Amino acid sequence: MNSRDPHPFSICVYCGSRPGAHADYAAVAQAVGQWIGQQRGQLVYGGGRTGLMGLVAEATRTAGGRVVGVIPKALVDKELANPLCDELHVVDTMHERKAMMAQRSDAFLALPGGIGTFEELFEIWTWRQLGYHDKPVGLLNVAGYYDTLLEFLARSVREGFMGEWQMGLIRTGTQPTDLLKALQADVPSRARDDRLAENI
């Protein structure tokens, strides 16, 4: 097997390129990275070294995990592309970025972030709804950051624009270790096998 991607668990983390206003956000990003590294897992993320992105990548790397960054050319300077990634892919467009991140991952987890994080979460959730993948999707609700979003989504169900089954396509939680373990347990063996086969 190619040594580029030998890891049995590869998770894509979406999160902010800023640190946010509360220390809890940084602490949970570090906890997520540490858990991935301790499992000898692989982090797939947006390739930057600022904000929560930088924290989760560094925590993964220092804990013994592998880091794959994917960043479009337009953001290389703005988000300060991380030269410490085991693999850093500079691509032409956001579409290429998101497709590669999805391909290299067994599961997806959103931490606090801004409009880019929201867009990535909703797109990968939509892809699962449409059957483009069957990989688990998680939302880590740190310090109540996503409380009002979850309330709004519940209203969308009540108003008839979404079904409960769609909400069932994502896992939510407040404790990083518990949610990460649940996502890992939910990974279909076929998805993991397909990812590893691509790197033989």
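Trainee: Why is C85 not counted as part of a disulfide with C15?

Mentor: In this predicted model, the cysteine sulfur closest to that of C85 belongs to C15 and lies 12 Å away. A disulfide requires the two sulfur atoms to be within 2.5 Å, so the distance from C85 to C15 is too far for a bond.

Trainee: What rules out a bond for C12?

Mentor: The reasoning runs along similar lines, since the closest cysteine sulfur to that of C12 is again found in C15, at 9.3 Å. Set against the limit of 2.5 Å, that is too far for a bond, and by this rule the count of disulfides comes to 0.

Trainee: How do you know whether C12 and C85 are buried or exposed?

Mentor: Buried means a relative accessibility under 20%. C12 has 0%, so C12 counts as buried, and C85, at 10%, counts as buried too.

Trainee: What makes F122 buried, partly exposed or exposed?

Mentor: F122, which lies in helix 4 (residues 115-129), has a relative accessibility of 31%. Because partly exposed covers the range between 20% and 50%, F122 counts as partly exposed. Leaving aside residues up to four places away in sequence, F122 touches L149 and L153.

Trainee: Why is helix 1 described as roughly parallel to helix 2?

Mentor: The axes of helix 1 (residues 23-38) and helix 2 (residues 51-62) come within 7 Å and cross at roughly 30°. Angles under 35 degrees count as roughly parallel, and therefore helix 1 is roughly parallel to helix 2. Their crossing is right-handed, and the residues that meet include Y25, A26 and A29 in helix 1 and L52, L55 and V56 in helix 2.

Trainee: Which term describes helix 3 and helix 4, and why?

Mentor: Their axes come within 12 Å and cross at roughly 60°. That value is neither under 35 degrees nor in the range of 65 to 115 that counts as roughly perpendicular, so helix 3 and helix 4 are oblique to each other. This crossing, too, is right-handed.

Trainee: How do you know on which side of helix 3 the buried residues lie?

Mentor: In helix 3 (residues 94-103), the residues R97, K98, M101 and A102 are buried. They cover an arc of only 125° around the axis, which means that they sit on the same side of helix 3. R97, K98, M101 and A102 also meet helix 4, where their partners are E119, E120, E123, I124 and W127.

How values were computed
Residues numbered from 1 in each chain as written. Predicted model: local features only at pLDDT ≥ 70, side-chain atom pairs only at ≥ 80, totals over all residues. Heavy atoms only, no water. Buried < 20%, exposed > 50% of the residue type's maximum accessible area, 1.4 Å probe, protein only. Helix = DSSP H or I, 4+ residues; strand = E, 2+ residues; numbered from the N terminus. Arc of directions from axis to C-beta. Axes fitted to C-alpha atoms, helices over the stretch in contact; angles between N-to-C directions. Parallel < 35°, antiparallel > 145°, perpendicular 65-115°, else oblique. Left-handed = near helix turned anticlockwise from the far one by under 90°. Contact = heavy atoms within 4.5 Å.
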